[in-house]
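Here are my notes on the model you sent round. Have a look at the structure first, then go through the points in order.

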Amino acid sequence: MTGPSDLSSSYDLVVIGGGPAGLAAAALAARAGVSTVLFDENPGIGGQIYRGITSTPIKNRAVLGEDYWAGASLAAEAKASGAQIVTGATVWSLDPSRQVGVSIGGEARMIQAHRVIIATGSLERPFPIPGWTLPGVMTAGAAQTALKAHGLVPEGRVLLAGSGPLLWLLAAQLLRAGTTIETILDTTPRSNWLRALPHLADFLLSPYWSKGLALLREVRAKVPVIPVQRLSAHGEGKLQHVEYQSAGKDYRRQADMLFLHQGVVPNVNLANAAGVAHRWSERQLCFEPVLDVDSGSSVSGISVAGDGAGIAGGTAAVERGRIAAIAAVRAVKPSASVPDPQSVRQRLQREELGRGFLDALYRPADMFRLPEGETIVCRCEEVMAQQIHDMAAKGCEGPNQMKAFLRCGMGPCQGRLCGLTVTELIANERHTRPADVGYYRLRPPVKPITLAELASLPISEAERKAVER
Amino acid sequence: MFKRLGETASIVTIEVDGKTVRARTGDTVAAAMLAGGIDHCRTTPVSGAPRAPYCLMGVCFECLVIIDGIGSRQGCLIPVRDGMRVETQQGKREAGR
Amino acid sequence: MAASDYDVAIVGGGLVGVATAWGLAREGCRVALLDEGDRAVRASRGNFALVWVQSKGLGLAAYAGWTVRSSNAWTGFAATLKEETGLDVCFQRPGGFHLALSERELEARANILNRLHNQPGIVDYKTEILDHSQVAKMLPDIGREVVGASYCPLDGHVNSLRLFRTLHTAIHTRGVKYLPSHRVESIVREGGEFRLGTTQGEVRAGRVALAAGNANMQLAPMVGLEAPMKPERGQIVVTERLRPFLHYPVVTLRQTDEGTVMIGDSKEESIDPAGLTLGVSATEAERAVRQFPLLANVNVVRTWSAIRVMTQDGFPIYDESETHPGAFVLCCHSGVTLAANHALTVAPMIARGALDKTLVAPFSARRFHVQEAG
Ligand SMILES: Cc1cc2nc3c(=O)[nH]c(=O)nc-3n(C[C@H](O)[C@H](O)[C@H](O)COP(=O)(O)OP(=O)(O)OC[C@H]3O[C@@H](n4cnc5c(N)ncnc54)[C@H](O)[C@@H]3O)c2cc1C
Ligand code: FES
């Protein structure tokens, strides 16, 4: 295990995140002779898509599918590239001068980077239904991680609910692992098909469609799929049953495990705290960083690659990581030979072809993004939807003032699980667009560190004088 | 809850609230708890409601537990070690542990 | 809005503005509260929430008296707010500490307090210097490095974010028109009323009160007033929620009713609210761990920096315009401590149309010229 003392005080390139984008970026840069370190807070590399790729206990390759195993060569390449790869390393701070604050095994260090590639990926869009905080309710991504990294499958009465390609993939993987899924509650609005149709031609040219179709067939052959317009989870202390509405009728169903999913959104926390400009994407209903063709952000020397730069999927993330790495290599070592970015961009374009169709088809319904009444919005501080409606109605215009009033976004997750909901609720109440409402302003540490770790950082005389009087 | 797909060779034991739980080397604390049938890992500091791991990817902070006497550790990011002592965290954390 | 719709327009929706708005509404005035948008520089969202008396007023004795007055009014102020809104701002006045980590720091403390209390005309109240063992009786978790402290029984604290929310709720109920994203860019007096040009059109009112924090510097001259400011950045570190362990506020460290511990009180001459100097947070953390070693393993969940509203000499400014009758300016650093005064004392003066000289004459900005002449 690499400890804090094994790190240099500066690197040409610091890559944050060890998913496909980060691995590809680190490998390309290190091979070009650029001193590179990659940090990932998980115990292993691979990111969400290739979680557990170097350590999974799953031996039967069919369970996770060949797309998963493609990650093995990516991981191997990164390891062989000469990049220093540090897992269990949480980056909690990044500033515009590219000082990187990282914490490893309870010890914090500051590292100076010449260039930074943020490859922190995405997280699942909040799914704030009544009861989503009950034990027994988890994200679909969590079930997938349990399977990939730990060889764990859910047991008892298992339900999946939501919308989007990942939900179907999880269903297929669980079925192949022998799990019985009682039902899939499909929250995709029917009207989405109409919106998606104009993108169909592109989709048919993309690699997604044949795979997607096969997946749907595989799952539908074994599990009943029920379209639902309302959904809630119930139980005393843990999930016991689920209620839903389908075709105007109400149903109730016993359940032990409910896995929720309605797409993924960029994990913007670190980039936001570093001062990177973001904009609202109406197509994907989330904030994404504003980037140039080389993935460079508004902060000089910091680029964002992979799903953190806007959702485009794992294979696209590889190409986006390479594009960012090529720019980094050119900046720090112009003499090094790198692939032609134009050809990488072309590959990327092919990967992105099907996106428009998927975004339109799996655009989550308002019903599941704009909660009401006592439904919890901020899980950490237990702030309810009604409170947000009320404060917005009194003139609270944005998430930062809302945070001051209600504490939403102030807990340890720092708004990751409520930020988009709060922005959208305010926009809805005030009849304006999320773009005009904006997002939480975040500051380091973007992940909690201990007071002792913070105390251990270098302190200048002037900084000490600002406090001691 | 969760079950293991097959028996694994490499087993460690940890203690959760005094109870012995068998885990696989490479499990995170949260995974070991889920596989061990422990239905919640903390109660919230706000209302005292029970919570269990939600995302298993380090973003939700629902998996906070006390590990070897230190509170508010993110169970889904920390690998198990043989002999580790884990406690569910009740409400607000106590300063000093 | 029609011309005569408001008796008073208040510029600035921070703690000073909103407390004054509430006070004016209680006096029966029709009030508009003009504010900036969501990302405004708002000290009211970044303050330390102390209702603090000790060591206030060195250099201007009247400030000590003004502060004690507000501190004494706070219990009633909090109770009234609770009656009106059902929200408890958790005001407590158990007495507060200023901890010293070296003999030199303790001596400096004693020295300041001596000079403060020896000023002519100073209000009489108690502050004491305590040694380690005396402090440890009330704060059992202090570290060995704490050599002593100054203690004042009048010091207290509130939940200042809840105070901010409570006041906003209360003005809403009392019919104050809150106008966010109405940044005021010009003010003219015409036909016996004030016309405020904002980013969203004109607002007219019979009187105007400037409570725009450091922005008063630009706004005051528009109505024949002045507000010389010297903004200063403060950084605060906040921990996760902990079980109660600290029952008295310390000037640099307090546990809120929610359980979080706030650590702060840095001063830097930066006016970049987005910036954060990690070394400053580190110093705050390092001192906090020396003061309370049991905090070492506790998680920091947030930090923030905010710009203090600071006049050039650090004391409040309350003034009324001679050239533009009906225009007032209010600036102060300690908007939490003084909230009770703003709501219960200053607002009624504005409602009557004139400041009460016996109370606030020492806080006129004219003092800056007196000093220049001398
Ligand atoms: C780090 C720190 C610690 C503090 N600790 C304490 C403490 O322990 N105890 C205490 O009593 N006080 C404390 N304070 C001070 C307290 O927070 C402030 O006194 C109080 O918030 C000041 O209120 P204000 O309304 O003057 O300014 P702000 O709260 O800054 O509000 C000014 C408002 O005016 C608006 N505005 C500005 N220009 C315009 C314009 N042209 N048009 C319309 N609107 C405008 C702004 O958007 C803002 O809403 C602290 C402050 C800081 C920064
Ligand atoms: S389960 Fe979400 S952070 Fe650990």
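**Notes on the predicted model**

1. Let's start with the sheet that crosses chains. This is a predicted model, and in it five strands make an open sheet with antiparallel pairing, in the order β23(A)-β15(C)-β12(C)-β14(C)-β13(C). The edges are taken by β23 (449–450) of chain A and β13 (253–255) of chain C; each has a single partner strand, so one side of each has no neighbour in the sheet.

2. Now the join between the chains. Strand β23(A) pairs with β15 (residues 299–308) of chain C in the antiparallel sense, over two bridges. If you want a residue to click on, I449(A) stands opposite V300(C) in β15(C).

3. What lies across the chain C strands? That is helix α8 (residues 278–291) of chain C, which lies across β12 (232–241), β13, β14 (260–263) and β15 of chain C. The helix runs at about 50° to β12(C).

4. On to charges. There are 56 salt bridges over all chains. One that ties into the sheet joins the side chains of R93(B) and E240(C), at 2.6 Å from N to O. The pair crosses between chains: R93(B) sits in the segment after β8 (85–88) of chain B, and E240(C) belongs to strand β12 of chain C. Buried or exposed? Both R93(B) and E240(C) are buried.

5. Compare that with a pair inside chain A. The side chains of E461(A) and K465(A) form a salt bridge at 3.7 Å, N to O. These two are four residues apart in helix α18 (residues 461–465) of chain A, which means they are separated by about one helical turn. E461(A) counts as exposed because its relative accessibility is 53%, over the 50% cut-off. K465(A) is exposed too, with a relative accessible area of 57%.

6. A mixed case is R369(A) with D366(A), whose side chains meet in a salt bridge at 3.0 Å, N to O. Here R369(A) counts as buried, at 7% relative accessibility, whereas D366(A) counts as partly exposed, at 48%.

7. Don't miss the salt-bridge network. It links R464(A) and E468(A) with E105(C), E145(C), E286(C), R287(C) and R290(C).

8. Next, helix α4 (residues 140–150) of chain A. Why call it largely enclosed by the rest of the structure? Because 11 of its 11 residues are buried. The buried set includes the charged-looking entry K148(A), along with Q144(A), L147(A) and H150(A). After α4(A) comes G151(A), whose phi is positive, near 65°.

9. T145(A) is a handy place to look at that helix, since it is found in α4 of chain A. T145(A) counts as buried, at 5% relative accessibility. Setting aside neighbours within four places in sequence, T145(A) is in contact with Q48(A), R51(A) and H150(A), and also with L56(B).

10. Last, a surface feature. Which residues form a nonpolar patch on the surface? They are L204(A), W209(A) and L213(A), with about 250 Å² of accessible area together. L213(A) has its place in helix α8 (residues 208–220) of chain A, and at 35% relative accessibility this leucine counts as partly exposed. Mind the label here: this α8 belongs to chain A, while the α8 of point 3 belongs to chain C.

Technical notes
Residues numbered from 1 in each chain as written. Chains lettered and ligands numbered in written order. Predicted model: local features only at pLDDT ≥ 70, side-chain atom pairs only at ≥ 80, totals over all residues. Heavy atoms only, no water. Patch = residues over 30% accessible without salt bridge, like charges linked within 9 Å, V, L, I, M, F, W, Y side chains within 5 Å. Areas by Shrake-Rupley, 256 points an atom, 1.4 Å probe, with all protein chains shown as cover. Salt bridge = Lys/Arg side-chain N within 4 Å of Asp/Glu carboxyl O. Buried < 20%, exposed > 50% of the residue type's maximum accessible area, 1.4 Å probe, protein only. Pairing = 2+ DSSP bridges. Contact = heavy atoms within 4.5 Å. Axes fitted to C-alpha atoms, helices over the stretch in contact; angles between N-to-C directions.
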